[in-house]
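Colleague: Please take a close look with me at one part of this complex, chain B, and give me a connected account of it. I would like to know how far each portion can be relied upon before I read anything into it.

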Amino acid sequence: MTNESQFSVKAEPPPPALGPPPKRAPAPPGVTFDVQGLKVWFAAHQVLFDVSLQIPPKAVTAIIGPSGCGKSTFLRSLNRMHDLAPGARVEGRITLFGEDLYARQVDPTLVRRRVGMVFQKSNPFPTMSIADNVIVGLKLNGVRQKSLLRERLEQTLRMAALWDEVKDRLHAHALSLSGGQQQRLCIARALAIEPEVLLMDEPASALDPLATAKIEELILELRKQFTIVIVTHNMQQASRVSDFTAFFYLGRLVEVDQTKKLFTNPKDKQTEDYVTGRFG
Amino acid sequence: MVSALCFACALMVILPLALVLFHLVRMGASSVDWAFLTQLPKPAGEAGGGMANAIVGSLILIGLAALIGVPIGVLGGVYLSEYASDRLSWSVRFAADILNGTPSIVWGMVVYALVVMPMKGASAYAGGLALGFIMIPLVIRTTEEMLNLVPNTYREAALALGIPKWKSVVFIVLKTAGKGIITGVLLACSRVAGETAPLLFTASGNQFWSRNLSEPTASLPRQIYDYSIGPYDDWHRQAWAGALILILVALAINVGVRILTRGSSPRLVK
């Protein structure tokens with residue numbers, strides 16, 4: 001495991017989780033993430049080759065591509081999750097609103113506070129209640145004020161479109177929820193620490209169509225406030241929820257464009273073959 | 001055919017337990033009374049008395065052993081599972097497995113040389129330390145195994161929330177594996193409760209209450225050993241009673257563990 005303590009804790013900006021709900025600063029025009037020449041290795045095996053991509057603010061960017069094309073690896077380099085994998089090595093430059101995420105003095109823990117993540121399989125903490133799952137990120141980041149925690153609990157559960165379903169059993173076991181509800185709980189958990197960006201790694205792939213529809217509805221709602229990057233192997237989903245789509249193949253970014261254009265009028269032959277279902 | 005064979009073998013596992021329990025109850029139950037539980041041993045040859053000092057002594061020794069074995073074992077297990085590199089954890093795991101297989105009298109000798117000789121006498125400290133040494137590898141291994149059962153997705157979820165790693169380990173990973181680890185600790189306690197050999201020349205024995213922890217201390221296994229090889233029928237009777245108490249304690253811990261862990265394991269797998 002990477003020794004995280006070798007990075008000094010960055011003094012500013014203060015982690016968004018600790019202050020009062022910040023006013024969302026108007027996103028600088030242009031880009032949220034600016035990725036330049038990203039290469040990722042796991043031990044000797046290179047997974048991403050020279051990926052350069054800009055991710056626009058307050059929009060949904062979908063990452064599509066066949067299994068093993070490096071789309072999850074790309075997503076995980078945006079919040080420095082690779083720091084945890086033994087033998088992983090990242091080269092290139094990723095900035096978030098102009099700040100270099102991989103600069104020497106940057107604490108990866110603070111990066112992850114700014115860039116939230118939802119995983120493929122819903123993973124609410126099994127020892128905690130619904131309410132505790134939502135506020136655990138705040139609590140373990142040092143927020144003790146009860147009134148603030150209660151306020152954030154309701155606010156984020158409403159944002160995740162879960163409040164009405166769970167408001168009468170906030171202290172019930174998190175695993176008593178259905179699969180789709182658990183995934184929305186995980187989204188609420190990620191939103192509670194007030195990230196600037198939300199990464200989603202195939203968030204609906206383990207859910208039935210109804211639960212999937214709810215998650216997609218939620219994504220469209222959250223897009224108004226957050227930059228969202230979603231990995232999906234479901235092309236219909238990408239076309240339904242995303243504004244931009246990037247197609248990855250064999251560790252390379254093949255094409256990125258507005259979703260409508262990429263699906264109706266792809267420039268690259270491989271993209272066309274993939275989106276028309278000829279391979280993958 | 002095969003199933004019949006397996007059934008016979010399974011029966012051979014249960015049969016000794018049933019026979020031992022039956023025999024102990026038959027020989028010992030009549031001697032377990034209030035005096036046995038609350039009185040000191042009578043002078044040799046006199047009938048009556050009890051093993052109160054040995055019962056309390058055993059509890060003290062187990063407590064001391066847990067004080068040494070649980071923190072070291074749990075923290076060691078956490079290190080193996082959450083922090084150590086593959087090669088280091090392989091060597092520590094290998095060492096722990098060898099230590100688990102070490103005859104317990106070896107621990108008695110080690111502690112005799114380390115503690116009893118310099119302190120010029122047996123003591124509860126020495127006995128507790130010997131039992132603690134036996135507990136450490138047991139607790140390390142179960143802690144590590146329980147932590148390895150915690151799916152990685154929980155660790156990832158915690159870190160993705162910007163929670164520092166040590167907090168994620170303490171408040172999320174350890175909590176998730178909590179029941180399993182407590183189970184392991186209790187089983188380790190029940191295992192050392194019955195150890196006799198490491199106590200022979202560390203805690204030694206005592207016919208009276210010990211006034212403090214640096215005095216020789218009575219313990220149930222030691223008392224059973226002494227009484228069962230003694231010349232008096234009354235001693236034999238009490239040895240049976242002591243053995244019954246000891247196995248009932250072990251049984252109670254095991255049943256307690258079953259109750260504690262009921263319904264918890266599926267959560268880990270879900």
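Modeller: Over residues 264-270 of chain B the pLDDT, which is the predictor's confidence in each residue on a scale from 0 to 100, stays under 50, and for this stretch the model has seven contacts beyond four places in sequence, two residues being in contact if their C-beta atoms, placed from the backbone, lie within 7 Å. Because this is a predicted model, local features are taken only where pLDDT is at least 70 and side-chain atom pairs only at pLDDT 80 or more, whereas totals for chains, interfaces and linings use all residues. As to naming, residues are numbered from 1 along each chain as its sequence is written, and chains are lettered from A and ligands numbered from 1 in the order in which they are written.

Helix α13 (residues 265-269) of chain B has the lowest mean pLDDT among the elements of the chain, at 40, while helix α6 (residues 124-149) of chain B has the highest, at 94. For chain B as a whole the average pLDDT is 88, and 97% of the residues score at least 70. For the complex, the predictor gives an ipTM of 0.82 and a pTM of 0.81.

Just ahead of that uncertain stretch is B:R262, in the loop between α12 and α13 of chain B. B:R262 is exposed, because 9 other C-beta atoms lie within 10 Å of its own, where 12 or fewer count as exposed, 20 or more as buried and the values in between as partly exposed, with the C-beta atoms placed from the backbone. Its C-alpha atom is separated by 41 Å from that of B:A122, 140 residues away along the chain. A further loop, between α5 (104-119) and α6 of chain B, holds B:K120, which is exposed as well, with 7 other C-beta atoms within 10 Å. The phi of B:K120 is near 55°, a positive value in a residue other than glycine; most residues other than glycine have a negative phi.

Stepping back to the whole chain, the secondary structure of chain B comes to 13 helices and zero strands, where both are DSSP runs numbered from the N terminus, helices being H or I over at least four residues and strands E over at least two. The C-alpha trace spans about 70 × 60 × 30 Å along its principal axes. Of the 270 residues of chain B, 41% count as buried, and among contacts between residues at least 6 apart in sequence, 75% join residues at least 24 apart.

Helix α11 (residues 220-228) and helix α12 (residues 233-261) of chain B pack with their axes 8 Å apart, at an angle of about 155°; the axes are lines fitted to C-alpha atoms, for helices over the stretch in contact, and angles run from 0 to 180 degrees between N-to-C directions. That makes α11(B) roughly antiparallel to α12(B), since angles over 145 degrees count as roughly antiparallel, those under 35 as roughly parallel, 65 to 115 as roughly perpendicular and the rest as oblique. The crossing of α11(B) past α12(B) is left-handed, meaning that the near helix is turned anticlockwise from the far one by less than a right angle, clockwise being right-handed. The residues that make the contact include B:I224 and B:Y227 of α11(B) and B:W235, B:A239 and B:L246 of α12(B). By class, this contact has nine nonpolar, five polar and no charged residues, where Ala, Val, Leu, Ile, Met, Phe, Trp, Tyr, Cys and Pro are nonpolar, Asp, Glu, Lys and Arg charged, and the others, Gly among them, polar.

Turning to the partner, the contact between the chains takes 19 residues from chain B and 25 residues from chain A. On the side of chain B, the elements that give two or more residues are α7 (152-160) and α8 (165-176). That side has ten nonpolar, three polar and six charged residues. Within α8(B), the buried residues are B:K165, B:S168, B:V169, B:I172, B:V173, B:L174 and B:T176, and what covers them includes α3 (52-83), α6, α7 and α9 (178-193) of chain B.
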